[in-house]
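Please open your viewer and get ready to select residues by number. This tour goes from one stop to the next and tells you what to look for at each.

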Amino acid sequence: MDLRKIILALRERVPDFGTRVSGAAEFRPLAEVGKLALPAAYVIPLHDETGEQKSQTDYWQFCTDGFSVVVALDNRLGELGLESVDDAVHIVRRKLWRALLGWSPSEEYTRGIEYRGGVLLDMNRAILYYKFDFQATFEILPEDTWHQQELDDLPWLETVHIDVDLIDPGAGPDGHPEFQADIHLSHTEST
């Protein structure tokens, strides 16, 4: 999944974060963010899960891309973090839902983004980190595979040669074809 699209969408659709939405490379541990402007969000890749291969003749499989939005919230309102967890986290979650749920960051994600859940990561007297997990599913199709590339690289079938070896009753075929035929196929480009 192109996480840059998620980052841009959050910057645009959740004004509380402003431009303080970054990717995984910008995520820093608590000790390094003491002077970070809050609230902030980090979009981080999560998982890549697949279902079983559904076709016996080519390739067809569902793949689910996951990502997390880790938010850093000001936790100075209450030393125990209760006001932040009870109020700010639920408000931020609702805003993230409105910004992401059902949206398809590209055409391949036909069902759009879905919510998977959230969890408190860490908190101290200054900052509360909460992680919200999301996912979107797409299909892996034959054109995405090496097998299809191999098939595409094959030359066109032009001639089919047939040998007919008649069966001698009780003895089976004798290995000497009694009839032969060549079938010549013409190729036309489809548009």
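Below is a walk from the whole fold to its core, its charged pairs and its surface.

**Before you start**

This is a predicted model, in which local features need pLDDT of at least 70 and side-chain atom pairs count only at pLDDT 80 or more, while totals for chains, interfaces and linings use all residues. Residues are numbered from 1 along each chain as its sequence is written, and side-chain values use heavy atoms, with hydrogens and water left out.

**Stop 1: the whole protein**

Begin with a cartoon view. The protein has 3 helices and 9 strands; helices (H or I, at least four residues) and strands (E, at least two) are DSSP runs, numbered from the N terminus. Following the chain from the N terminus, you meet the elements in the order α-β-β-β-α-β-β-α-β-β-β-β.

Now switch to a surface view. About 12,700 Å² of the protein is exposed, and carbon and sulfur atoms supply 53% of that area; accessible areas come from the Shrake-Rupley method with a 1.4 Å probe, and for residues only the protein chains shown count as cover. Of the 191 residues, 30% are buried. Here buried means under 20% relative accessible area, exposed means over 50%, and partly exposed lies in between.

How far along the chain do contacts reach? Among contacts between residues at least 6 apart in sequence, 55% join residues at least 24 apart, where contact means heavy atoms within 4.5 Å.

**Stop 2: the largest core**

Select Leu10, Val43, Phe67, Val69, Val71, Leu96 and Leu100. These residues touch the most other members of the largest nonpolar core, which has 28 residues. The elements giving two or more residues to this core are H1, S2, strand S3 (61–74), helix H2 (82–100) and strand S5 (127–140). S5 brings the largest share, 7 residues. A nonpolar core is a set of buried Ala, Val, Leu, Ile, Met, Phe, Trp, Tyr and Cys residues joined through side-chain atoms within 4.5 Å.

Next, center on Val43. Leaving aside residues up to four places away in sequence, Val43 touches several others, including Leu3, Ile6, Leu10, Val21, Phe67 and Val69. There is also a second, separate core of 6 residues, among them Ala40, Val70, Ile127 and Tyr129.

**Stop 3: charged pairs**

Side chains of opposite charge can pair when their charged atoms come close. How many salt bridges does a search of the whole structure find? The search gives 5, a salt bridge being a side-chain nitrogen of Lys or Arg within 4 Å of a carboxyl oxygen of Asp or Glu. Try these three:

- Select Glu49 and Arg116, whose closest N and O atoms are 3.8 Å apart in a salt bridge. This pair links distant parts of the chain, with Glu49 in strand S2 (residues 40–50) and Arg116 in strand S4 (residues 114–123), 67 residues apart. Glu49 counts as partly exposed because its relative accessibility is 41%, and Arg116 is partly exposed at 44%.
- Select Asp2 and Arg4, a salt bridge with closest N and O atoms 3.0 Å apart. Asp2 is partly exposed at 28% relative accessibility, whereas Arg4, at 61%, is exposed.
- Select Asp133 and Lys131, a salt bridge with closest N and O atoms 3.1 Å apart. Are Asp133 and Lys131 buried or exposed? Both are buried.

**Stop 4: two loops**

Move to Thr19, in the loop between helix H1 (3–13) and strand S1 (21–23). Thr19 counts as exposed because its relative accessibility is 65%. The C-alpha atoms of Thr19 and Ala41 are 9.4 Å apart, with their positions 22 residues apart along the chain.

Then select Leu38 and Pro39. The peptide bond from Leu38 to Pro39 is cis, with omega near -5°, and Pro39 sits in the loop between S1 and S2.

**Stop 5: a strand pair and its nonpolar patch**

Finish with strand S6 (residues 159–164) and S9, which run antiparallel and are joined by 6 bridges; two strands pair if DSSP finds at least two bridges between them. Ile162 stands opposite Ala181 in S9. Strand S9 (residues 179–184) is hardly covered, with 0 buried residues among its 6.

Now color Leu157, Val160, Ile162, Val164, Leu166, Phe179, Ile183 and Leu185. Together they form a nonpolar patch on the surface with about 660 Å² of accessible area. Patches are made of residues with over 30% relative accessible area and no salt bridge, with like charges joined within 9 Å and nonpolar side chains (Val, Leu, Ile, Met, Phe, Trp, Tyr) within 5 Å. S6 gives the most to this patch, 3 residues. Val164 lies in strand S6 and is partly exposed at 33% relative accessibility.

Note on methods:
Buried means under 20% relative accessible area, exposed over 50%, partly exposed in between (1.4 Å probe, protein chains only).
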